[in-house]
Amino acid sequence: LADCKQVLKLDQNSALAWNDQGLARLAQGDLEGAHADFDRAIALDSQIAYFFSNRGGIWLSKGKPERAMDDLNRALALNPNQVETWRLRGVANLARKDFQAATKDFDQALKLNPELTDACCSRGIAHLLQRNLAAAEADISHCKKMGGTLLPKAEKLLREAKTLSPR
């Protein structure tokens with residue numbers, strides 16, 4: 001954060017420095033400060049996709065998936081090869097209860113990076129929510145081999161789904 005502030009002292013119009021400061025604030029748990037910094041970065045340069053993706057992540061953290069979708073769609077229009085943006089849009093679609101769209105977004109993220117464990121686990125969760133137990137089990141099994149922060153949640157949901165829907 002100190003480095004960003006130093007750069008911004010020298011150049012208040014550095015969109016990259018505002019974005020980097022936003023990321024530093026986000027890492028410290030300062031959602032409002034990060035949001036303001038991402039807003040400033042976008043105001044200075046609205047052609048950088050990951051600025052929108054970062055702000056979309058803030059909207060998700062604030063529980064506003066519709067607002068997140070606006071920014072994430074803008075980011076993808078600027079750069080459709082951003083794997084993290086696809087993953088975030090999948091999360092936004094999960095929050096919006098559009099499980100089919102979420103699955104497609106996670107598919108795209110995994111097409112760009114097959115080792116993205118959280119996208120794999122999240123896709124498994126989306127499959128579960130669509131009552132597609134076979135696909136969910138395949139994703140969660142694959143996740144298990146890779147690890148991932150969402151694995152315990154996905155495994156728990158799969159166990160619950162299996163008890164509710166015996167084969």
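Reader: Taking Lys and Arg as positive and Asp and Glu as negative, with His and the chain ends not counted, how many side chains of each sign does the protein chain have?

Author: There are 24 positive and 21 negative side chains in the protein chain. With each charge placed at NZ of Lys, CZ of Arg, CG of Asp or CD of Glu, the centres of the two sets are 5 Å apart. Do keep in mind that this is a predicted model, where local features need pLDDT of at least 70 and side-chain atom pairs count only at pLDDT 80 or more, while totals for chains, interfaces and linings use all residues. Residues are numbered from 1 along each chain as its sequence is written, and side-chain values use heavy atoms, with hydrogens and water left out.

Reader: Got it, thanks. How many helices and strands does the chain have?

Author: Ten helices and zero strands. Both are DSSP runs numbered from the N terminus: helices are H or I with at least four residues, strands E with at least two.

Reader: And what box do the C-alpha atoms fill?

Author: Roughly 65 × 30 × 25 Å, taken along the principal axes. The accessible surface of the chain is about 9,000 Å², and carbon and sulfur atoms hold 52% of that. Those areas come from the Shrake-Rupley method with a 1.4 Å probe, and for residues only the protein chains shown count as cover.

Reader: What percentage of the residues count as buried?

Author: 46% of the 167 residues. Buried is under 20% relative accessible area, exposed is over 50%, and partly exposed lies in between (1.4 Å probe, protein chains only).

Reader: Nice. Which residues have the most contacts inside the largest nonpolar core?

Author: Those are Leu94, Ala119, Leu128, Ile140 and Leu158, in a core of 23 residues. Two or more core residues come from each of α6 (83–95), α7 (99–112), α8 (117–129), α9 (133–146) and α10 (151–164), and α8 gives the most, with six. A nonpolar core here is a set of buried Ala, Val, Leu, Ile, Met, Phe, Trp, Tyr and Cys residues joined through side-chain atoms within 4.5 Å. In soluble globular proteins, nonpolar side chains tend to be buried together.

Reader: Let's zoom in on Leu158. What does Leu158 touch?

Author: Leaving out residues up to four places away in sequence, Leu158 touches Leu128, Leu133, Ala136, Glu137 and Ile140. Contact means heavy atoms within 4.5 Å. Another core, of eight residues, lies apart from the largest one, and its members include Ala15, Trp18, Ala41 and Phe52.

Reader: Phe52, noted! Which residues does Asp71 touch?

Author: Phe52, Arg55, Gly56 and Trp59, again not counting residues up to four places away in sequence. Asp71 lies in helix α5, and Asp71 counts as buried because its relative accessibility is 5%.

Reader: Changing topic to cysteines: which ones are joined by a disulfide?

Author: Cys121 and Cys143, with an S to S distance of 2.2 Å. The cut-off for a disulfide is a pair of cysteine sulfur atoms within 2.5 Å, and the structure holds one. Cys121 sits in helix α8 and Cys143 in helix α9, so the pair, 22 residues apart, links distant parts of the chain. For background, a disulfide is a covalent bond between the sulfur atoms of two cysteines.

Reader: Is Cys121 buried or exposed?

Author: Cys121 is buried, because its relative accessibility is 0%. Cys143 is buried at 0% as well.

Reader: What about Cys120: how far away is the nearest cysteine sulfur?

Author: That sulfur belongs to Cys143 and is 3.8 Å away, and Cys120 is in no disulfide. Cys120 counts as buried at 2% relative accessibility.

Reader: Back to α8 for a second. What does His127 touch?

Author: Setting aside residues up to four places away in sequence, His127 touches Thr103, Asn132, Ala135, Ala136 and Asp139. His127 is in helix α8 and counts as buried because its relative accessibility is 12%.

Reader: Last one, on backbone angles. What is phi of Lys97?

Author: Near 65°, a positive value in a residue other than glycine. Most residues other than glycine have a negative phi. Lys97 is in the loop between α6 and α7 and is exposed, with a relative accessible area of 62%. Arg131 also has a positive phi, near 65°. Arg131 is in the loop between α8 and α9 and counts as exposed at 74% relative accessibility.

Key: Lys and Arg count as positive and Asp and Glu as negative; His and the chain ends are not counted.
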